[in-house]
Amino acid sequence: MVFRFGRIIGARDPGLRLIIPFADVMHHISLRIVTMPIQSQGIITRDNVSVDVSAVAYFRVVDAIKSVIAIENVSSAINQIAQTTLRKVVGRHTLDETLSETDRLTSSPR
C-alpha cells in the first residue's frame, strides 16, 4: 500500500517499487495465512463450571486496502474478536457438551 501525503495511492504488486521520499509512505501487508495463538481464557460454562481454554486463530487478509483504511490494527482486532467468540461459544454450552462435542464446536463458528 502506498500513501502520498496521507491519501492512498493504491496497492502495489510485489517487487521493486519507486516512491517519492518524504511524500510517499509504503505499508507492507502480508496476504498469507497467519496463525495467531489466543491466550488462555478463563470461561464459565452454562452449568457454572470454570474452565481454561486456549485456542488458535487462522486468518488471511483478503482486501489489503480495507485492512489498512478501515481497521487501525488488524492483528489486535482479530485477537479481540477471537477471544470474544471463544468465550461466547464455550459459555453457551455445559462442560459435558463442550468436552464431548469439541469437533462440532470448533468447525462451525457462531
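Two strands count as paired when DSSP finds at least two bridges between them. Keep that in mind for the views below, and remember that this is a predicted model.

**View 1. The hairpin of β4 and β5.**
Here β4 and β5 make a hairpin, with five residues sitting between the two strands. Strand β4 covers residues 34–44, and β5 covers residues 50–59. They pair in the antiparallel sense, over nine bridges. For a spot to look at, try Ile 43, which stands opposite Val 51 in β5. In general, strands of a sheet pair through backbone hydrogen bonds, either parallel or antiparallel.

**View 2. Asn 48, in the turn of the hairpin.**
Zoom in on the loop between β4 and β5, and you'll find Asn 48. What is the sign of phi at Asn 48? Phi is positive, at about 60 degrees, although Asn 48 is not a glycine. Is Asn 48 buried or exposed? With a relative accessible area of 67%, Asn 48 is exposed, because the cut-off for that word is over 50%.

**View 3. Pro 37, a proline on strand β4.**
Stay with β4 and look for Pro 37, which lies in this strand. Pro 37 is exposed, and its relative accessible area comes to 63%. Exposed doesn't rule out company, though: Pro 37 touches Ala 55 and Val 56, leaving out residues up to four places away in sequence. How far apart in space are Pro 37 and Val 61? From C-alpha to C-alpha they are 17 Å apart, with a separation of 24 residues in sequence.

**View 4. Gln 83, a buried residue on helix α2.**
Now move to helix α2, which takes in residues 74–91 and includes Gln 83. Why does Gln 83 count as buried? Its relative accessible area is 7%, and buried means under 20%, so Gln 83 gets that label. Which residues does Gln 83 contact, once its neighbours within four places in sequence are left aside? Gln 83 is in contact with Ile 38, Gln 39 and Gln 41.

**View 5. The open sheet of β2, β1 and β3.**
Three strands line up here as an open sheet, in the order β2-β1-β3, with antiparallel pairing. The edge strands are β2 (7–10) and β3, and each of them pairs on one side only. On average, neighbouring strands of this sheet are turned by 35 degrees against each other, direction ignored. Three bridges link β1 and β3 in the antiparallel sense. For a landmark, look at Val 2, which stands opposite Met 26 in β3.

**View 6. Arg 4 and Asp 24, a salt bridge between strands.**
How many salt bridges does the structure hold? There are two. In this one, the side chains of Arg 4 and Asp 24 meet at 2.7 Å, N to O. Arg 4 is in strand β1 (residues 2–4) and Asp 24 is in strand β3 (residues 24–26), so the pair ties together parts that are 20 residues apart in sequence. As for their surroundings, Arg 4 is partly exposed at 33% relative accessible area, whereas Asp 24 is buried at 7%. In general, side chains of opposite charge can pair when their charged atoms come close.

**View 7. Glu 97 and Arg 46, a salt bridge from helix to loop.**
In this view, Glu 97 forms a salt bridge with Arg 46, and their closest N and O atoms are 3.7 Å apart. Glu 97 lies in helix α3 (residues 95–100) and Arg 46 in the loop between β4 and β5, so the pair ties together parts that are 51 residues apart in sequence. Glu 97 is partly exposed, at 24% relative accessible area. Arg 46 counts as exposed, at 51%.

**View 8. Phe 22, an exposed loop residue.**
Look in the loop between β2 and β3 for Phe 22. Is Phe 22 buried or exposed? Phe 22 is exposed, with a relative accessible area of 88%. Its backbone is worth a glance too: phi of Phe 22 is near 70 degrees, a positive value in a residue other than glycine.

**View 9. A nonpolar patch on the surface.**
Which residues form this nonpolar patch on the surface? They are Ile 8, Ile 65 and Ile 69, and together they have about 240 Å² of accessible area. One of them, Ile 69, is found in helix α1 (residues 64–69). Ile 69 counts as exposed, with 52% relative accessibility.

Key:
Residues numbered from 1 in each chain as written. Predicted model: local features only at pLDDT ≥ 70, side-chain atom pairs only at ≥ 80, totals over all residues. Heavy atoms only, no water. Helix = DSSP H or I, 4+ residues; strand = E, 2+ residues; numbered from the N terminus. Buried < 20%, exposed > 50% of the residue type's maximum accessible area, 1.4 Å probe, protein only. Contact = heavy atoms within 4.5 Å. Patch = residues over 30% accessible without salt bridge, like charges linked within 9 Å, V, L, I, M, F, W, Y side chains within 5 Å. Areas by Shrake-Rupley, 256 points an atom, 1.4 Å probe, with all protein chains shown as cover. Salt bridge = Lys/Arg side-chain N within 4 Å of Asp/Glu carboxyl O. Axes fitted to C-alpha atoms, helices over the stretch in contact; angles between N-to-C directions.
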